[in-house]
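Grab a coffee and open the viewer. Here are some exercises to work through, each with its solution.

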Amino acid sequence: MPAGFGSDFAGVVDEVGAGATGFAVGDRVYGAAIGRSVADFMLVETPAAHLWPTPEGVADEVASVLPVSGLTASAALAAIGLRAGDTVLVGGAAGGVGVFAVQLAKLAGARVLGTASKGTFGFLRGLGAEPVAYGPGLADRVRALAPEGITAATDLFGREAAETALELGVAPERISVVADGPAPPPGVRKTGALDAGPGALERIADAIRSSEITVPIAATFPVERIREAVTMQAEGHVHGKIVIAL
């Protein structure tokens, strides 16, 4: 301490420094600034590798939650070579990254089984996933749901889904986990937002504009109530994303 807070942001360019290129005063932009995005003003250095023009038709509230979660979901699916016809198990499917992973996998032509608490089953069905309760006995429940087997998995929360996929015979190279958390089982791919391919976020934004992907906003708080937002996030049962409005 003192420390900043927040990861993603969206807003309007207020000033452009000497020598800065690619953006002009008044441009709507969104991006990532780990640990400093909840602020009235922030300084972004150029070349701006983590700053994008906000597309017309995408609201700031939506753009403000895209970069880290969207890129992480894209990287997690790319790491396992997800393709049409796959049956993929997504661990933590109702979380902030999971809502993107589920929909991106569906767009790719995969069948999606998503682990979650029973209270989120209706929410996940609305995104196109087939929900399955996490916890002891997960492998048996997945077998019952997909008796022909699963072909890939990505674990976005912990390691349960990855370990279950291995138990069900999925090859390690077709299983990914996000970088945070304990070491993955041998051969399982560890990935994160920085591993996303070129143009990944732009493709997600285009899919949002065309209504192929929806972005669930679980709650919006004014900055004066940021403590409530942090408490809600820490409880670990948020369906979608939380936005702080300044």
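**Exercise 1.** How many of the 10 residues of α3 are buried, and is α3 largely enclosed by the rest of the structure or exposed?

*Solution.* Keep in mind that you're looking at a predicted model.
- Start with the cut-off: a residue is buried when its relative accessible area is under 20%.
- Then go along the helix: G98, V99, F100, A101, V102, Q103, L104 and A105 are the buried residues of α3.
- That makes 8 of the 10 residues, so α3 is largely enclosed by the rest of the structure.
- As for what does the covering, it includes α2, β4, β5, α4 and α7.
- Past the end of α3, look for G109, which has a positive phi, near 95°.

**Exercise 2.** Work out how α2 and α3 pack, and decide whether they are oblique or roughly parallel to each other.

*Solution.*
- Take the geometry: the two helices pack at about 50°, and their axes are 8 Å apart.
- Angles under 35 degrees would count as roughly parallel, and 65 to 115 as roughly perpendicular. α2 and α3 are therefore oblique to each other.
- Check the handedness too: α2 and α3 make a right-handed crossing.
- Now pick out the residues. α2 brings S69, G70, A73, S74 and L77 to the contact, while α3 brings F100, A101, L104 and A105.
- Why might several of these sit three or four places apart? An α-helix has 3.6 residues a turn, so residues at that spacing point the same way.

**Exercise 3.** Trace the open sheet of 3 strands and find the helix that packs on it.

*Solution.*
- The strand order is β1-β2-β3, and the pairing is antiparallel.
- At the edges you'll find β1 (8–12) and β3 (51–53), each pairing on one side only.
- From one strand to the next, the twist averages 25°.
- The helix you want is α2 (residues 67–79), which touches β1, β2 and β3 and runs at about 60° to the direction of β2.
- Zoom in on one pair: β1 and β2 (residues 28–32) are joined by 5 bridges. For F9, the bridge partner in β2 is G31.

**Exercise 4.** Which residues touch the most other members of the largest nonpolar core, and which elements give two or more residues to it?

*Solution.*
- This core has 44 residues, and L66, V88 and I208 touch the most other members.
- Two or more residues come from each of α1 (60–63), α2, β4 (87–91), α3 (98–107), β5 (111–116), α4 (121–127) and α7 (200–209).
- Click on L66: beyond its neighbours within four places in sequence, L66 contacts D8, Y30, L71, F100, L201, I208 and V215.
- Don't stop there, as another core of 15 residues lies apart from the 44-residue one, with A161, I175, V177 and V188 among its members.

**Exercise 5.** Is T154 buried or partly exposed, and how about I226?

*Solution.*
- T154 belongs to strand β7 (residues 152–155). Its relative accessibility is 0%, so T154 counts as buried.
- Setting aside residues up to four places away in sequence, T154 touches A76, L77, V88, L89, V90, G91 and S176.
- I226 is part of helix α8 (residues 226–234). At 24% relative accessibility, I226 counts as partly exposed.
- With the sequence neighbours up to four places away left out, I226 touches F5, V38 and I244.
- One last distance: I226 and V243 are 17 residues apart in sequence, and their C-alpha atoms are 9.6 Å apart.

Key. Residues are numbered from 1 along each chain as its sequence is written. This is a predicted model: local features need pLDDT of at least 70, side-chain atom pairs count only at pLDDT 80 or more; totals for chains, interfaces and linings use all residues. Side-chain values use heavy atoms; hydrogens and water are left out. Two strands pair if DSSP finds at least two bridges between them. Helices (H or I, at least four residues) and strands (E, at least two) are DSSP runs, numbered from the N terminus. Axes are lines fitted to C-alpha atoms, for helices over the stretch in contact, and angles run from 0 to 180 degrees between N-to-C directions. Contact means heavy atoms within 4.5 Å. A nonpolar core is a set of buried Ala, Val, Leu, Ile, Met, Phe, Trp, Tyr and Cys residues joined through side-chain atoms within 4.5 Å. Buried means under 20% relative accessible area, exposed over 50%, partly exposed in between (1.4 Å probe, protein chains only). Angles under 35 degrees count as roughly parallel, over 145 as roughly antiparallel, 65 to 115 as roughly perpendicular and the rest as oblique. A crossing is left-handed if the near helix is turned anticlockwise from the far one by less than a right angle, and right-handed if clockwise.
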